[in-house]
Each structure stands twice: as C-alpha cells, then as structure tokens.
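Here are some short exercises to work through with the model open in your viewer. Try each task before you read its solution.

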Amino acid sequence: MKPIKLTIQAFQSYLDKTEIDFTKLGDKGLFLVDGETGAGKSTIFQAIYYALYKEFLNSGGKGCVDIVDKDIRNINAPDKMKTIVDLIFEEKGNYYHVNRTINKKWFRWVPPLPENPAGSFRTPCLSSLTSC
C-alpha cells in the first residue's frame, strides 16, 4: 500500500484541517517522519490505520482500545466541527479513497465487560460501541 494523500481535522493533536501529500516525497519508497515530541508524528499513522480498519490503536501497542470522544477528537475542537480522516492510497496499481467522518456525539462509553476467568477486566473494542 502506498499512501497518496491524507487529510485530517479535529483528530487527536490536529485541530485544523491538515493535508499531507505523500506524492511530494518522491517515489523512492522510503521516507522519514521527523519532529518534536508531541508534534503529531504517531497521529499520522493512527489516522492511516483508522482510515483503513476503522479501529484505533493505542500508543502502547496493545491493539484496539475503547473509543470514546476524547480518544479521537482534538480536545479543543468545537462541538460543530467534524472529525475527519480522509485517505487516498494506491495498491497494486488501483487507487482507493476512504473517508471517515465522525460527529461529536457518535460514540458513547460502554462500561467494562464482566471479569474474565483469568481475573482481569476486559473492555470492549470498537465493535462493541453503539451509535447514539
């Protein structure tokens, strides 16, 4: 998969609409995402993953996490601003366009599932969330 263009808005550390044109990086097949701590480097990859799989990875690499409004949306986003993740990518000569638009009130917290036999608590993943 080769990313072509990523547009994000009100997604984690990106409040304003931000477009990343990967075609400007050339066709070498390798590039570096560089920046200060907290600048949003990981968020770029989170957005790509979210666009492709409609799941959200936590930074600890523990798989998908419970998605509540605060996990995806920029905390400074006004209520009327939509969270947008828009990805255009190429795979085996075919171009694909994925758009995920999230309204502020689409997700609600789902309480933890009952204790599992091992004694630790599990919380539901994205598939367990419901529309409000």
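**Exercise 1. Fold and ground rules**

Which pattern does the chain follow, read along the sequence?

*Solution.* Start with the ground rules: this is a predicted model, where local features need pLDDT of at least 70, side-chain atom pairs count only at pLDDT 80 or more, and totals for chains, interfaces and linings use all residues. Residues are numbered from 1 along each chain as its sequence is written, and side-chain values use heavy atoms, with hydrogens and water left out.

Now list the elements: there are two helices and four strands (DSSP runs numbered from the N terminus, H or I with at least four residues for helices, E with at least two for strands). Along the sequence they give β-β-α-α-β-β.

**Exercise 2. Confidence**

Find where pLDDT stays under 50.

*Solution.* Begin with the average: pLDDT (the predictor's confidence in each residue, from 0 to 100) comes to 76 for the chain, and 67% of the residues score at least 70. Next, scan for the dips. Residues 106-110 stay under 50, and the model gives them 21 contacts beyond four places in sequence (a contact means heavy atoms within 4.5 Å). Residues 119-132 are also below 50, with 35 contacts beyond near neighbours in sequence.

**Exercise 3. The core**

Work out which element supplies the largest share of the largest nonpolar core.

*Solution.* First, the term: a nonpolar core is a set of buried Ala, Val, Leu, Ile, Met, Phe, Trp, Tyr and Cys residues joined through side-chain atoms within 4.5 Å. Buried means under 20% relative accessible area, exposed over 50%, and partly exposed in between (1.4 Å probe, protein chains only).

The largest core has 18 residues, and Leu6, Ile8, Phe11, Ile44 and Val85 touch the most other members. S1, H1, strand S3 (83-91) and strand S4 (94-102) each chip in at least two residues. H1 takes the largest share, with five.

Zoom in on Ile8: beyond four places in sequence, its contacts include Tyr14, Ala47, Ile84 and Val85. For the whole chain of 132 residues, 33% count as buried.

**Exercise 4. The salt bridge**

Which side chains meet in a salt bridge, and which parts does the pair tie together?

*Solution.* Apply the cut-off: a side-chain nitrogen of Lys or Arg within 4 Å of a carboxyl oxygen of Asp or Glu. The whole structure yields one hit: Glu19 with Lys5, at 3.5 Å from N to O. Glu19 sits in strand S2 (residues 18-21) and Lys5 in strand S1 (residues 2-9), so the bridge links parts 14 residues apart in sequence. Then check accessibility: Glu19 is partly exposed at 48%, and Lys5 is partly exposed at 29%.

**Exercise 5. Two residues compared**

Thr43 and Tyr95: is each one buried or exposed?

*Solution.* Thr43 belongs to helix H1 (residues 41-53) and is buried, at 8% relative accessibility. Leaving out residues up to four places away, Thr43 touches Phe11, Gln12, Ser13 and Tyr14.

Tyr95 lies in strand S4 and is exposed, at 58%. Outside its neighbours within four places, Tyr95 contacts Ile4, Phe89 and Glu90. Tyr95 and Lys2 are 93 residues apart in sequence, yet their C-alpha atoms are 9.4 Å apart.
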